[in-house]
Amino acid sequence: MTDHNTNTTLFLERRSYRRRRLMDALRLLPIVGLLLWLFPVFWPNAKDGPDAPASVSMSGAVTYVFLVWGVLILSALALWWGLSRRAGEGTEPPEQGR
């Protein structure tokens, strides 16, 4: 029977940890996008009554949806670029001294 210390901490290499967090962020991006696209559903409407806040125009709502779409595309591109850049780190063998 071997004696295992239960208080030891697991050491993760910094590069692999950051890469995993980038992958997690990339996986969460569609959920964040869906929540942002559902946000206009809660905007005030002209049907809410005379004492309701001013309603948002349809052009404003469409502009919001396309801006969110653009931000999601740019975010995915930035995360992908970060992942591809991190994938290349550490794969080259160390240089030999001459």
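Arg21, Asp24 and Arg27 are joined in a network of salt bridges. The model in which this network occurs is a predicted one, and the structure holds 2 salt bridges. Side chains of opposite charge can pair when their charged atoms come close. In the pair formed by aspartate 24 and arginine 21, the closest N and O atoms are 2.8 Å apart. In the pair formed by arginine 27 and aspartate 24, the corresponding distance is 3.3 Å. Both pairs satisfy the criterion because a salt bridge requires a side-chain nitrogen of Lys or Arg within 4 Å of a carboxyl oxygen of Asp or Glu.

The network is placed on helix 1. Aspartate 24 and arginine 21 both belong to this helix and are separated by 3 residues, about one turn. Arginine 27 and aspartate 24 also both lie in helix 1, again 3 residues apart, about one turn of the helix. Aspartate 24 has a relative accessibility of 28% and therefore counts as partly exposed. Arginine 21, at 38%, is likewise classed as partly exposed. Arginine 27 has a relative accessible area of 55% and is therefore exposed.

As to the overall architecture, the protein contains 2 helices and 0 strands. Helix 1 spans residues 14-38 and helix 2 spans residues 58-88, with a loop between them. Of the 98 residues in the protein, 11% are buried. The exposed surface of the protein amounts to about 8,800 Å², of which carbon and sulfur atoms supply 64%. Among contacts between residues at least 6 apart in sequence, 72% join residues at least 24 apart.

A nonpolar patch of about 900 Å² was identified on the surface. The patch is made by Leu28, Ile31, Val32, Leu34, Leu35, Leu36, Leu38, Val41 and Phe42. Two of these residues were examined individually. Valine 32 lies in helix 1, and its relative accessibility of 40% places it in the partly exposed class. Valine 32 and leucine 72 are 40 residues apart in sequence, and their C-alpha atoms are 8.8 Å apart in space. Phenylalanine 42 is found in the loop between helix 1 and helix 2. With a relative accessibility of 67%, phenylalanine 42 counts as exposed, because the exposed class comprises residues over 50%.

Key:
Residues numbered from 1 in each chain as written. Predicted model: local features only at pLDDT ≥ 70, side-chain atom pairs only at ≥ 80, totals over all residues. Heavy atoms only, no water. Patch = residues over 30% accessible without salt bridge, like charges linked within 9 Å, V, L, I, M, F, W, Y side chains within 5 Å. Areas by Shrake-Rupley, 256 points an atom, 1.4 Å probe, with all protein chains shown as cover. Helix = DSSP H or I, 4+ residues; strand = E, 2+ residues; numbered from the N terminus. Buried < 20%, exposed > 50% of the residue type's maximum accessible area, 1.4 Å probe, protein only. Contact = heavy atoms within 4.5 Å.
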